[in-house]
Amino acid sequence: MTHENEFKIDIPEDRGTLDLTRQIDELTDTIKSYKLLIDTHREELWELKKISSENEKNKNLLQGYKKVIEDLSAKLRQKDS
């Protein structure tokens with residue numbers, strides 16, 4: 001049962017930049033890339049925090065060693081006097 005007024009419209013599969021499916025896919029890919037970038041930066045930040053903590057520990061050790069050396073030097077000077 002066909003009507004004389006019916007007509008068929010051919011819609012192309014790819015509508016270019018206006019294709020919503022394409023836009024959604026591109027935005028989804030962009031979000032995935034951002035998530036990967038965030039994860040990478042979180043890992044780098046964690047590594048930097050570990051390095052910072054280790055540096056602080058080393059500074060404290062160095063200050064302790066310096067104090068020991070100063071105390072021993074002072075004792076040696078007292079013995080020589």
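These notebook entries record what I looked up in a predicted model of one protein chain.

**Entry 1. Overall make-up**

I began with the secondary structure. The chain contains one helix and zero strands. The helix, α1, covers residues 20-80.

I then asked how far apart the ends of α1 lie. The end C-alpha atoms of α1 are 89 Å apart. At 1.5 Å a residue, the 61 residues should span 90 Å, so the computed distance agrees with the expected one.

**Entry 2. Surface**

I next looked up what share of the chain is buried. Buried residues account for 1% of the 81 residues. The exposed area of the chain is about 8,500 Å², and carbon and sulfur atoms supply 57% of that area.

**Entry 3. The N-terminal end of the helix**

Which residue caps the N-terminal end of α1? I found that Asp-19 does so. One of its side-chain oxygens lies 3.2 Å from the backbone nitrogen of Thr-21.

I also looked up Gln-23, which is found in helix α1. Gln-23 has 28% relative accessibility and counts as partly exposed, because that class runs between the 20% and 50% limits. With its neighbours within four places in sequence left aside, Gln-23 is in contact with Thr-17 and Leu-18.

**Entry 4. Salt bridges**

How many salt bridges does a search of the whole structure find? The search finds five. I noted three pairs, one at a time.

- Asp-39 and Arg-42 form a salt bridge, with their closest N and O atoms 3.8 Å apart. This distance qualifies because the cut-off is 4 Å.
- Glu-47 and Lys-50 form a salt bridge, and here the closest N and O atoms are 3.3 Å apart.
- Lys-67 and Asp-71 meet through their side chains in a salt bridge, at 3.4 Å from N to O.

**Entry 5. Spacing of the pairs along the helix**

I then asked why such partners can meet. Side chains of opposite charge can pair when their charged atoms come close. An α-helix has 3.6 residues a turn, so residues three or four places apart point the same way.

I checked this spacing for each pair. Asp-39 and Arg-42 are three residues apart in α1, so about one helical turn separates them. Lys-50 and Glu-47 both lie in α1, also three residues apart, which is about one turn of the helix. Lys-67 and Asp-71 are four residues apart in α1, and therefore about one helical turn separates them as well.

**Entry 6. Exposure of the partners**

Last, I looked up whether the paired residues are buried or exposed. Arg-42 has 58% relative accessibility and counts as exposed, while its partner Asp-39, at 38%, is partly exposed. In the second pair, Lys-50 is partly exposed at 40%, and Glu-47 is partly exposed at 39%. In the third pair, Lys-67 is partly exposed, with a relative accessible area of 47%. Asp-71 is partly exposed too, at 36%.

Note on methods: Residues numbered from 1 in each chain as written. Predicted model: local features only at pLDDT ≥ 70, side-chain atom pairs only at ≥ 80, totals over all residues. Heavy atoms only, no water. Helix = DSSP H or I, 4+ residues; strand = E, 2+ residues; numbered from the N terminus. Buried < 20%, exposed > 50% of the residue type's maximum accessible area, 1.4 Å probe, protein only. Areas by Shrake-Rupley, 256 points an atom, 1.4 Å probe, with all protein chains shown as cover. Expected span 1.5 Å × (residues − 1). Polar contact = N/O pair within 3.5 Å; in protein donor to acceptor, adjacent residues only side chain to side chain. Contact = heavy atoms within 4.5 Å.
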